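The following paragraphs offer a guided reading of a protein model, moving from strand pairing to a helix and the loop after it. Please keep the sequence and the coordinates in view while reading.

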Amino acid sequence: MLNFTIKELVHSDNAIKAGIDNTPNIEQVDNLLNLIFYCLQPIRDKLKKPMIITSGFRNSQVNFLAGGKSNSQHLDGKAADFVVKGMTPKQIIDFIVKSGIEYDQLINEYNKWVHISFNKNHNRKQPPFKIG
């Protein structure tokens, strides 16, 4: 059973407020499905706790409004930001690293949420790091 939907990974309060259509194309949807299947759902299954997606796919306009980098993996549907109630970003990242779940990047952003990305067949498995 999947706990995640494309709809929640495309939802953006910034897009709604600005009247921007944040609909992904077929390649971006494929990337989002890979992110769900290979990262998000395995994390959810192993944690046995709900994960709250705070940001997923962002088109260029939405990414700009969010203050994202011009090369953000959110633009391609390859990244999501999330939180888990009762866990710090560091605890979540430590859990993911120990779990062996495949990823491209793991970032503790501002000690508020975790950014995870997945790039099928091209994961760099970068050492986790913190920004902010």
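In this predicted model, A79 stands opposite S117, a residue of strand β4. The two residues belong to a pairing between strand β2, which covers residues 79-83, and β4; this pairing is antiparallel and runs over four bridges. How enclosed is β4 by the rest of the structure? Four of its five residues are buried, so the strand is largely enclosed.

Strand β4, residues 113-117, also pairs with β3, again in the antiparallel sense, and here the count is five bridges. Within this pairing, I107 of β3 has H115 as its bridge partner in β4. The connection between β3 and β4 is a hairpin with three residues between the strands. One residue of the turn, Y110, has a positive phi of about 60 degrees.

Strand β3 itself spans residues 105-109, and five of its five residues are buried. In a regular strand, side chains alternate between the two faces of the sheet. For β3, the residues on one side are Q105, I107 and E109, while L106 and N108 lie on the other. Both faces are covered, since every one of these residues is buried, that is, under 20% relative accessible area.

A further partner of β3 is strand β5, residues 129-131. The sense of this pairing is parallel, and it extends over three bridges. I107 appears here as well, standing opposite F129 in β5. Thus I107 is matched with H115 in β4 and with F129 in β5.

Attention may now turn to the helix α3. It comprises 22 residues and reaches 30 Å from its first C-alpha to its last, close to the 32 Å expected at 1.5 Å a residue. The helix nevertheless contains a kink of about 40 degrees, centred on I36. At the N-terminal end of α3, N25 acts as a cap: one of its side-chain oxygens lies 3.0 Å from the backbone nitrogen of E27.

What follows α3? The next residue is K48, which has a positive phi, near 60 degrees. K48 is placed in the loop that joins α3 (26-47) to β1 (52-55). Is K48 buried or exposed? Its relative accessible area is 66%, and because exposed means over 50%, K48 is classed as exposed. The side chain of K48 nonetheless makes a polar contact, reaching the backbone oxygen of D45 at 3.4 Å.

Note on methods: Residues are numbered from 1 along each chain as its sequence is written. This is a predicted model: local features need pLDDT of at least 70, side-chain atom pairs count only at pLDDT 80 or more; totals for chains, interfaces and linings use all residues. Side-chain values use heavy atoms; hydrogens and water are left out. Buried means under 20% relative accessible area, exposed over 50%, partly exposed in between (1.4 Å probe, protein chains only). Two strands pair if DSSP finds at least two bridges between them. A polar contact is a pair of N or O atoms within 3.5 Å; within protein, one must be able to donate a hydrogen and the other to accept it, and residues adjacent in sequence count only if both atoms are side-chain atoms. The expected span of a helix is 1.5 Å times one less than its number of residues. The bend at a residue is the angle between axes fitted to the seven residues ending there and the seven starting there.
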